[in-house]
Amino acid sequence: MLDARIPSGPIEQQWDKCRLEMKLVNPANRRKHSIIVVGAGLAGAAAAATLGQQGYTVQCFSYHDTPRRAHSIAAQGGINAAKNYRNDGDSIFRLFKDTVKGGDFRAREANVYRLAQISNNIIDQCVAQGVPFAREYGGLLDTRSFGGVQVSRTFYARGQTGQQLLLGAYQALEEQLAAGTVKMHIRSELLDVVIVNGKARGIVTRNLVTGEIECHAADLVVLATGGYSNVFYFSTNAKACNCTAIWRAHRRGALFGNPCFTQIHPTCIPLSSEHQSKLTLMSESLRNDGRIWVPKKKGDTRAANDIPENERDYYLERRYPGFGNLVPRDVASRNAKDVCDEGRGVGPHGQGVYLDFADAIHRLGLETVRERYGNLFDIYERITGEDAYTVPMRIFPAPHYTMGGLWVDYHLMSTIPGLFVAGEANFSDHGANRLGASALMQGLADGYFILPSVVPDYLASTTLDPVDTSHAAFTATKTEVADRIKALVAIKGKRSPDSFQRELGKLMWDECGMARSDAGLRKALARIPELREEFWHNLSIVGGDEELNQALENANRVSDFLELAELMCIDALDRTESCGGHFRVESQTPDGEAKRDDANFSFVSAWEWKGVGQAPVLNKEPLVFEHVPLAQRSYK
Ligand SMILES: Cc1cc2nc3c(=O)[nH]c(=O)nc-3n(C[C@H](O)[C@H](O)[C@H](O)COP(=O)(O)OP(=O)(O)OC[C@H]3O[C@@H](n4cnc5c(N)ncnc54)[C@H](O)[C@@H]3O)c2cc1C
């Protein structure tokens, strides 16, 4: 039975009580403890900087050439907090409730409540760091709305919120690098976790410049390595984002939580050619002022501005008058797919809907719209060649975020003692659907506030034998990593890693994407092992392993995607209900909304690895809803 270690007592007091009961490490003893943090995005950089500042000896790893290149930098729209500066009815409880409901009742209440509480500290922390959040004329911090809520609680820095927050975290990290408490290892990719006597005690990495395989020992390991949306090949994530760190940890015994819970974001620039390598997000913040529509008539090929008002279908406003264009992402994405499936999609392939700013420009003026969203309009123009101030943007859903990840308890610890997981890499607090602007909130809550409390408690309450890289477990793990790399290079087949990833991605998009069916998932489950088999016999990698070799790096990552994809389909097949972004076509309400099955599926699926091609074992963490009563979600 999984123990989530949720503190007892009233939910409002659980985190304070937990912090009070946790053990501390004396300041003079902290430098004697070594901590490995893998990842220098928002979650990892915040954790490494804060633990370094506390006085621990921290080593931080990233495959990027600088922490500033972490994917967090791409975050556009904003970060939520329950400050209620607008006095529009917000509160910690409302943020908590919105998040539980938005996640379609598949998240752990205690974690979500803590997240809502900490949200306010994050804004204070970042303002103190000098993060240039947007301000109103009078100097107060400005906010805007995101999907699935009826308050304005999203703090933002134009369309560059992630970049500004990451610079704040990076500054804090730099300070610790200069102070010598943190040592940064760039272009260093984790390829395995080392377990000694049942505890995570180190990692094996590959130096991406020289190809050298290296061992690093510590008292514990934190993974903050981001999400796995690139299993779909086309996604809004940076090309390099991958699942290797969490997947290799999973293979070492860390349970994987809700792998099939993935988020398809409704507002991305549509795919224009199969030769593209990624998709670009248009921030959800645009739905504050943009109106989404398609022509009422099927196959209407007139230019958008030639279609009169009474021949347009503002389908979200029509179907969901309560939330209109700001319904949650899963609902907006499914509706976009439905109108395109009906033959009313726009653009070259009919795979698009309009996001129209004409009303907003008329109401607010061009300058205000430019001020709020200027850089997003610029990105759009650079990619499509169209001026969204004069013609509506075309948007379509795309893979964006993964709610699934390594299972963690209330202390963010995986099922491997001493292996903590933070940010998008854990199965997190978002249930089956993440609300917009909540990922940055969660990553920073984990990094700045939760890990700096739970990590010392682990160190102070655990007996840790002295271990260094000469231990047999390091030698054995290093050999396994080196053998796997040699095996990849030795295949000498005909297909590039990229071509396998494309084929896998298309299969996952078709069968485990926005809609999932029993037949489709079974089809994917039959094909994935075949593709994996072909990969291990027909892969072609140009170049060797003792040098900079991006094809090899990618092959390594694709080999893990080929295993993770299978688990995602198994999970999606097992969960015969629909919930949030997991839409099983067999389980829908008469008007096409996701239909949950609370009697049978109010649990977190935590899967246990049994070997390649072997059936994984399902463990369940029951979910109890005491504060937000279970209800069919309605945004009408
Ligand atoms: C285009 C876009 C826009 C977004 N906008 C928003 C928004 O407005 N608001 C919001 O709340 N959320 C947004 N999100 C989601 C949010 O940006 C991410 O969920 C969040 O930034 C993830 O942070 P992280 O620290 O968990 O991971 P990342 O930022 O992805 O960092 C991962 C780190 O781990 C390292 N790493 C990974 N694997 C390894 C390995 N094997 N070895 C060594 N290092 C490794 C990487 O080098 C990197 O440093 C957006 C996402 C996208 C794609």
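Modeller: Contact means heavy atoms within 4.5 Å. Keep in mind that this model is predicted.

Colleague: With that cut-off, which residues is arginine 287 in contact with, leaving aside its neighbours within four places in sequence?

Modeller: Pro266, Thr267, Ile292, Asn325, Leu326, Val327, Pro328, Arg329 and Ala332. Arginine 287 itself is in the loop between strand S12 (262–268) and strand S13 (291–295).

Colleague: Why is arginine 287 called buried?

Modeller: Its relative accessible area is 1%. Buried means under 20%, so arginine 287 qualifies.

Colleague: What makes the approach of the arginine 287 side chain to the backbone oxygen of asparagine 325 a polar contact?

Modeller: The distance is 2.7 Å. The limit is 3.5 Å, for a pair of N or O atoms where one can donate a hydrogen and the other accept it. The arginine 287 side chain also reaches the backbone oxygen of valine 327, again at 2.7 Å.

Colleague: Now the ligand. How many residues surround the ligand, and which are the closest?

Modeller: There are 37. The closest are His64, Ser72, Gly77, Leu190 and Glu424. A residue counts if one of its heavy atoms lies within 4 Å.

Colleague: Which backbone atoms are in polar contact with oxygen atoms of the ligand, and how do you know?

Modeller: A backbone N or O atom of glycine 77 lies 2.7 Å from a ligand oxygen. For leucine 440 the distance is 2.8 Å. A polar backbone atom of alanine 439 is 3.0 Å from a ligand oxygen. The cut-off is 3.5 Å, so these pairs pass. As for cover, the protein takes up 97% of the 1000 Å² of accessible area that the ligand has on its own.

Colleague: What is the make-up of the shell around the ligand?

Modeller: It holds 17 nonpolar, 17 polar and three charged residues. Gly counts as polar here. Helix H3 (42–54), strand S7 (188–196), strand S16 (393–402) and helix H12 (439–461) each supply at least two residues. S7 gives the largest share, three residues.

Colleague: What makes the largest set of 150 residues a nonpolar core?

Modeller: The members are buried residues of nonpolar types, joined through side-chain atoms within 4.5 Å. Ile35, Ile79, Leu223 and Met508 touch the most other members. Helix H16 (residues 550–574) provides the largest share of this core, 12 residues. A second, separate core has 31 residues, including Tyr315, Tyr320, Ala388 and Phe396.

Colleague: Which residues is isoleucine 35 in contact with, beyond four places in sequence?

Modeller: Among them are Leu51, Tyr56, Val58, Ala218, Leu220, Val222, Val455 and Leu459. Thr57 and Gln59 are listed too.

Note on methods. Residues are numbered from 1 along each chain as its sequence is written. This is a predicted model: local features need pLDDT of at least 70, side-chain atom pairs count only at pLDDT 80 or more; totals for chains, interfaces and linings use all residues. Side-chain values use heavy atoms; hydrogens and water are left out. Accessible areas come from the Shrake-Rupley method with a 1.4 Å probe; for residues, only the protein chains shown count as cover. Helices (H or I, at least four residues) and strands (E, at least two) are DSSP runs, numbered from the N terminus. Buried means under 20% relative accessible area, exposed over 50%, partly exposed in between (1.4 Å probe, protein chains only).
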